[in-house]
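Please open the structure in your viewer, and keep the selection tool at hand. The tour goes from enclosed space to open pockets and then to helices that pack against each other.

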Amino acid sequence: MKRRTLIASAALALSVGLAAPALAQTSWTMASGYPESSFFTQNIRQMIKEIEEKSGGKLKIDLRSNDSLIKLDAVKRAVQSGQIQIGEIRLGVYGNEAAMYNLDNIPGVATTYDQATKLTDAQRPFFDAMFKKNGLRAITYVAWPGQGFYTKEPLKALADLKGQKLRIYSKQTQIMGEKLGMEALILPFAEVPQAFSTGMIQSLWTSAQTGTDVQIWDYVKHFTYTGTMHNKNAILVNERAFRQLDPATQKVVLEAGEAATKRGWELSKKAGEEREGVLKSHGMTISQAPQDVLDAIAAAGKGMVADWLNAATPEEKAVYETYQKSLK
């Protein structure tokens with residue numbers, strides 16, 4: 001009997017040992033709104049690779065890019081509810097929830113990468129506290145390249161924009177477009193090609209990255225760079241899912257997120273230049289915005305900053321003041 005018991009015990013121990021790796025492995029689903037060609041998606045792919053390798057396969061992440069699983073503007077809610085464990089958002093999508101989401105969407109607030117870095121440093125504690133209240137954790141922040149106008153005809157003066165139907169992506173850029181005399185319409189990234197095809201829009205306000213993502217050369221021939229803003233994307237993790245990871249894997253995720261932040265900003269800088277090259281290779285003309293357009297954007301931005309300050313909470317105003325001090 002003792003022999004049989006020992007054999008049975010050994011068999012049980014072996015079966016548990018064999019099952020342990022499978023039980024230890026965790027699988028997360030991730031959603032993002034951008035195609036595989038986007039530097040944002042390429043950065044995420046690298047982050048996932050690092051997490052899977054450095055965790056020894058304990059954490060696997062299945063990325064569904066290009067709005068294929070969840071639309072970009074619904075990603076935050078999906079992560080918060082636990083529908084998915086991790087997702088990439090564009091902060092400006094959620095401007096109706098808090099004024100802070102809108103700050104880097106305002107023209108002139110952060111026109112360079114250096115300014116965008118300082119703004120991110122000032123905003124991070126505020127965002128971290130706000131996300132924590134909602135059961136979320138931000139592990140990565142990455143800025144977009146500078147922006148510009150895509151038009152069918154050359155943009156030689158402010159008057160050339162008057163009356164054009166413009167696609168933009170936030171309330172702030174809608175206000176800017178309207179102040180420039182355009183009919184500004186907020187549309188999701190994925191709907192841009194159809195909007196051009198149906199005549200819903202005639203021009204586009206975005207970065208060189210997005211222009212190549214939607215193959216903008218099929219619809220217009222001119223990209224006029226203005227710079228203007230460097231709004232941000234963030235990668236959010238469901239806090240409950242994060243807490244269920246063992247401490248070593250948690251550390252791997254956080255370190256990979258920090259690495260993705262650093263790498264993402266460098267990729268963003270390179271993408272602006274490289275994507276302009278892609279636009280040129282498809283016959284598009286690249287130019288700098290005329291001064292009267294820049295002046296009109298700056299004037300619109302000053303008015304929006306004043307409106308933002310009036311709507312902001314004391315905590316949000318403190319973030320803006322901290323940022324302004326960092327510029328001196």
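A cavity, in the sense used here, is a set of grid points where a 1.4 Å probe fits but cannot get out. What you have open is a predicted model, and with that meaning in mind the structure holds 1 cavity of 30 Å³ or more.

**Stop one: the cavity**

Select F40, N43, I44, E88, T140, V142, N233, A234 and I235, which line the largest cavity, and look for the space of about 40 Å³ that lies in it. If you colour by secondary structure, you can find the elements that give two or more residues to this lining, namely α2 (39-54), β4 and β10 (232-238). Coloured by class instead, the lining of the largest cavity shows 5 nonpolar, 3 polar and 1 charged residues.

**Stop two: the largest pocket**

Next, move to the largest pocket, whose volume is about 430 Å³. This pocket is lined by 22 residues, and the ones to select are L72, R90, L187, P188 and F189, which are the closest to its centre. Its lining is made up of 11 nonpolar, 5 polar and 6 charged residues.

**Stop three: the second largest pocket**

The second largest pocket has a volume of about 190 Å³, and to see its lining you should select D128, F131, K132, L136, R137, A138, I139, E239, R243, L254 and E258. Two or more of the lining residues come from each of α4 (113-133), β4 (136-143), α8 (239-243) and α9 (247-281). Which of these elements gives the most to the lining? The answer is β4, with 4 residues. By class, this lining has 5 nonpolar and 6 charged residues, with no polar ones.

**Stop four: α2 against α9**

Now show α2 and α9 together, and turn the view until you can follow both axes, which come within 8 Å and cross at roughly 155 degrees. Because an angle over 145 degrees counts as roughly antiparallel, α2 is roughly antiparallel to α9. The crossing of these two helices is right-handed. To display the contact, select on the α2 side F39, Q42, N43, Q46, M47, E50, I51 and K54, and on the α9 side V252, V253, A256, G257, A259, A260, R263, G264, L267, S268, A271 and R275. The residues of this contact comprise 10 nonpolar, 6 polar and 4 charged.

**Stop five: α5 against α10**

Select residues 171-179 for helix α5 and residues 291-311 for helix α10, which pack at an angle of about 130 degrees with their axes 10 Å apart. The two helices are therefore oblique to each other, and their crossing is right-handed. Where they touch, Q172, I175, M176 and K179 in α5 meet I297, A300 and M304 in α10, a contact with 5 nonpolar, 1 polar and 1 charged residues.

**Last stop: α10 against α11**

Keep α10 on screen and add helix α11, residues 314-326, so that you can compare the two axes, which come within 8 Å and cross at roughly 140 degrees. These helices, α10 and α11, are therefore oblique to each other. Select V305, W308 and L309 in α10, and then E316, K317 and Y320 in α11, to see which residues meet. This contact divides into 4 nonpolar and 2 charged residues, with no polar ones.

Key
Residues are numbered from 1 along each chain as its sequence is written. This is a predicted model: local features need pLDDT of at least 70, side-chain atom pairs count only at pLDDT 80 or more; totals for chains, interfaces and linings use all residues. Side-chain values use heavy atoms; hydrogens and water are left out. On a 1 Å grid over the protein atoms alone, a cavity is a set of points where a 1.4 Å probe fits but cannot get out, and a pocket is an open set with protein on both sides within 12 Å along at least five of seven lines; lining residues have an atom within 4 Å of a point. Grid points are joined across faces, edges and corners, and a volume is the space filled by probe spheres set on the points. Ala, Val, Leu, Ile, Met, Phe, Trp, Tyr, Cys and Pro count as nonpolar, Asp, Glu, Lys and Arg as charged, and the others, Gly among them, as polar. Axes are lines fitted to C-alpha atoms, for helices over the stretch in contact, and angles run from 0 to 180 degrees between N-to-C directions. Angles under 35 degrees count as roughly parallel, over 145 as roughly antiparallel, 65 to 115 as roughly perpendicular and the rest as oblique. A crossing is left-handed if the near helix is turned anticlockwise from the far one by less than a right angle, and right-handed if clockwise. Contact means heavy atoms within 4.5 Å.
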